[in-house]
Amino acid sequence: MPKKRGRQRSSRHRSSTARAELSFSVSHMEHLLLKGGYAQRLSSSAPVFLAAIIQDLTSKVLELAGNEAQNSGQRHITPKLVDMAIHNNALLSSLFRMTTISLEAPGPH
């Protein structure tokens with residue numbers, strides 16, 4: 001097997017976001033947790049866990065909104081479709097019940 005040319009970065013030089021294989025910034029989550037003053041001390045895994053949860057939640061909402069767009073014959077995800085997707089999912093609906101996403105109320109299909 002031929003050797004790869006060039007330097008390979010070791011895992012200690014990679015960002016925590018890259019090590020966790022996430023798209024959402026772990027360092028940004030850490031900054032927000034520290035700035036918010038939610039705890040006196042913070043575990044090193046807390047921002048990684050929070051970034052993973054937010055990434056997973058975002059992925060699920062966008063998947064459901066994409067399904068709503070496809071069902072209604074639209075090609076783009078709009079705030080109204082995101083609102084409909086959340087409204088039509090019992091778990092997400094209860095989680096976001098006090099949140100306004102679009103100014104149009106979701107109606108029947």
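Here is a quick tour of this chain, from its overall make-up down to a few individual residues. Keep in mind that this is a predicted model. The protein chain has five helices and zero strands, and the spot to look at first is where helices H3 and H4 come within 8 Å of each other, axis to axis.

**Overall make-up**

- Reading along the sequence, you get the pattern α-α-α-α-α.
- The protein chain has 109 residues, and 18% of them count as buried.
- About 9100 Å² of the protein chain is exposed, with carbon and sulfur atoms supplying 53% of that area.
- Take the contacts between residues at least 6 apart in sequence: 31% of these join residues at least 24 apart.

**Where H3 meets H4**

- Helix H3 covers residues 46-71 and helix H4 covers residues 79-87; their axes cross at roughly 110°.
- That angle makes H3 roughly perpendicular to H4, because crossings of 65 to 115 degrees fall in that class.
- On the H3 side, the contact is made by Val61, Leu64, Ala65, Glu68 and Ala69.
- H4 brings Leu81, Val82, Met84, Ala85 and Ile86 to the contact.
- Sorted by class, the H3 contact with H4 has nine nonpolar residues, no polar ones and one charged one.

**The nonpolar core**

- Seven residues build the largest nonpolar core: Val61, Leu64, Ala65, Val82, Ala85, Ile86 and Leu92.
- H3 and H4 are the elements that give two or more residues to this core.
- Val61 is a handy residue to click on: leaving out residues up to four places away in sequence, Val61 touches Val82, Ala85, Ile86 and Leu92.

**Thr17 and Glu21**

- Thr17 sits in helix H1, which runs over residues 16-19.
- Thr17 has a relative accessible area of 15%, so it counts as buried, the cut-off being under 20%.
- Setting aside residues up to four places away in sequence, Thr17 touches Leu22, Ser23, Phe24, Ser25, Val26 and Ser27.
- Glu21 lies in the loop between H1 and helix H2 (26-36).
- With a relative accessible area of 68%, Glu21 is exposed, because that value is over 50%.
- The backbone of Glu21 is worth a look too: its phi is positive, at about 55°, although Glu21 is not a glycine.

Definitions and conventions
Residues are numbered from 1 along each chain as its sequence is written. This is a predicted model: local features need pLDDT of at least 70, side-chain atom pairs count only at pLDDT 80 or more; totals for chains, interfaces and linings use all residues. Side-chain values use heavy atoms; hydrogens and water are left out. Axes are lines fitted to C-alpha atoms, for helices over the stretch in contact, and angles run from 0 to 180 degrees between N-to-C directions. Helices (H or I, at least four residues) and strands (E, at least two) are DSSP runs, numbered from the N terminus. Angles under 35 degrees count as roughly parallel, over 145 as roughly antiparallel, 65 to 115 as roughly perpendicular and the rest as oblique. Contact means heavy atoms within 4.5 Å. Ala, Val, Leu, Ile, Met, Phe, Trp, Tyr, Cys and Pro count as nonpolar, Asp, Glu, Lys and Arg as charged, and the others, Gly among them, as polar. Buried means under 20% relative accessible area, exposed over 50%, partly exposed in between (1.4 Å probe, protein chains only). A nonpolar core is a set of buried Ala, Val, Leu, Ile, Met, Phe, Trp, Tyr and Cys residues joined through side-chain atoms within 4.5 Å. Accessible areas come from the Shrake-Rupley method with a 1.4 Å probe; for residues, only the protein chains shown count as cover.
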